[in-house]
Every structure is written in structure tokens, then in C-alpha cells.
Amino acid sequence: MLTGTVVSYCVEKGWGFIRPDDRSGDDLFVHMSELRNCIGADLVPGTRVTFDLRFNKRRSKYRAAEVRLID
């Protein structure tokens with residue numbers, strides 16, 4: 001699992017972005033369907049999370065998957 005920080009999240013739209021701790025590129029898109037032990041309202045800027053990477057073939061980019069809050 002990788003770790004990162006929520007940069008933004010829009011509850012109404014159900015998506016946002018996470019900045020990986022290794023800062024190895026762009027911020028990662030996260031969709032509400034990938035949230036595991038949290039809801040969108042939990043993802044305020046600065047929230048620490050763990051996540052996996054999944055490749056989005058349509059966009060040719062990686063996105064965050066299996067997103068969980070760090071206790």
C-alpha cells in the first residue's frame with residue numbers, strides 16, 4: 001500500500017485527488033467507488049490515506065484504488 005494526502009475532494013461529484021508521499025508525478029484521481037473505510041465527507045484536504053494504484057486505460061493514467069484512512 002502507498003500513502004498520501006488528500007488534496008481535494010468534492011462530495012457532490014464523488015471524486016477528488018490524492019498527492020502520493022513519494023511525489024513521483026501528478027496527483028492521483030480518486031472516485032467514491034474506491035473508498036473503503038471512509039465516506040467522501042471524510043476526505044478533507046490534508047487527510048492522510050493509504051491506497052493502491054490502478055491503471056486507467058481510457059485516460060492512460062494511474063488512479064488511486066482501495067483508499068483507506070490512516071488511523
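## A tour of the salt bridges and the largest pocket

Begin by selecting Arg 54, which counts as partly exposed because its relative accessibility is 34%. Bear in mind throughout that this is a predicted model.

With Arg 54 still highlighted, add Glu 66, since the two form a salt bridge in which the closest N and O atoms are 3.9 Å apart. The pair links distant parts of the chain, with Arg 54 in strand E4 and Glu 66 in strand E5, 12 residues apart. Now show both strands in full: E4 and E5 pair in the antiparallel sense over seven bridges, and the bridge partner of Arg 54 in E5 is Arg 63.

Follow the hairpin of E4 and E5 round its turn, where four residues lie between the strands and Ser 60 takes a positive phi near 55°. Lys 57 also sits in the loop between E4 and E5, and this residue is exposed, with a relative accessible area of 74%. If you draw a C-alpha to C-alpha distance from Lys 57 to Met 32, you should find 19 Å in space for residues that are 25 apart in sequence.

Next, return to Arg 63 and select Glu 34 with it; these two form a salt bridge whose closest N and O atoms are 3.0 Å apart. Glu 34 lies in the loop between E3 and E4 while Arg 63 belongs to strand E5, so the pair ties together parts that are 29 residues apart in sequence. Is Glu 34 buried or exposed? Glu 34 is buried, at 7% relative accessible area, whereas Arg 63 is partly exposed, at 23%.

Widen the selection to Glu 34, Arg 36, Arg 54, Arg 63, Glu 66 and Arg 68, which are linked in a network of salt bridges. The whole structure holds eight salt bridges, and another one to display joins the side chains of Asp 27 and Arg 19, at 2.9 Å from N to O. Both partners are partly exposed, Asp 27 with a relative accessible area of 26% and Arg 19 with 34%.

Finally, turn to the largest pocket, which has a volume of about 390 Å³. Of its 17 lining residues, select Leu 28, Phe 29, Lys 61, Tyr 62 and Arg 63, the closest to its centre. Strands E2 (15–20), E3 (28–31), E4 (48–56) and E5 (61–69) are the elements that each give two or more residues to this lining, and the largest share, three residues, comes from E5. Colouring the lining by class shows seven nonpolar, three polar and seven charged residues.

How values were computed:
Residues are numbered from 1 along each chain as its sequence is written. This is a predicted model: local features need pLDDT of at least 70, side-chain atom pairs count only at pLDDT 80 or more; totals for chains, interfaces and linings use all residues. Side-chain values use heavy atoms; hydrogens and water are left out. On a 1 Å grid over the protein atoms alone, a cavity is a set of points where a 1.4 Å probe fits but cannot get out, and a pocket is an open set with protein on both sides within 12 Å along at least five of seven lines; lining residues have an atom within 4 Å of a point. Grid points are joined across faces, edges and corners, and a volume is the space filled by probe spheres set on the points. Ala, Val, Leu, Ile, Met, Phe, Trp, Tyr, Cys and Pro count as nonpolar, Asp, Glu, Lys and Arg as charged, and the others, Gly among them, as polar. Buried means under 20% relative accessible area, exposed over 50%, partly exposed in between (1.4 Å probe, protein chains only). Two strands pair if DSSP finds at least two bridges between them. A salt bridge is a side-chain nitrogen of Lys or Arg within 4 Å of a carboxyl oxygen of Asp or Glu.
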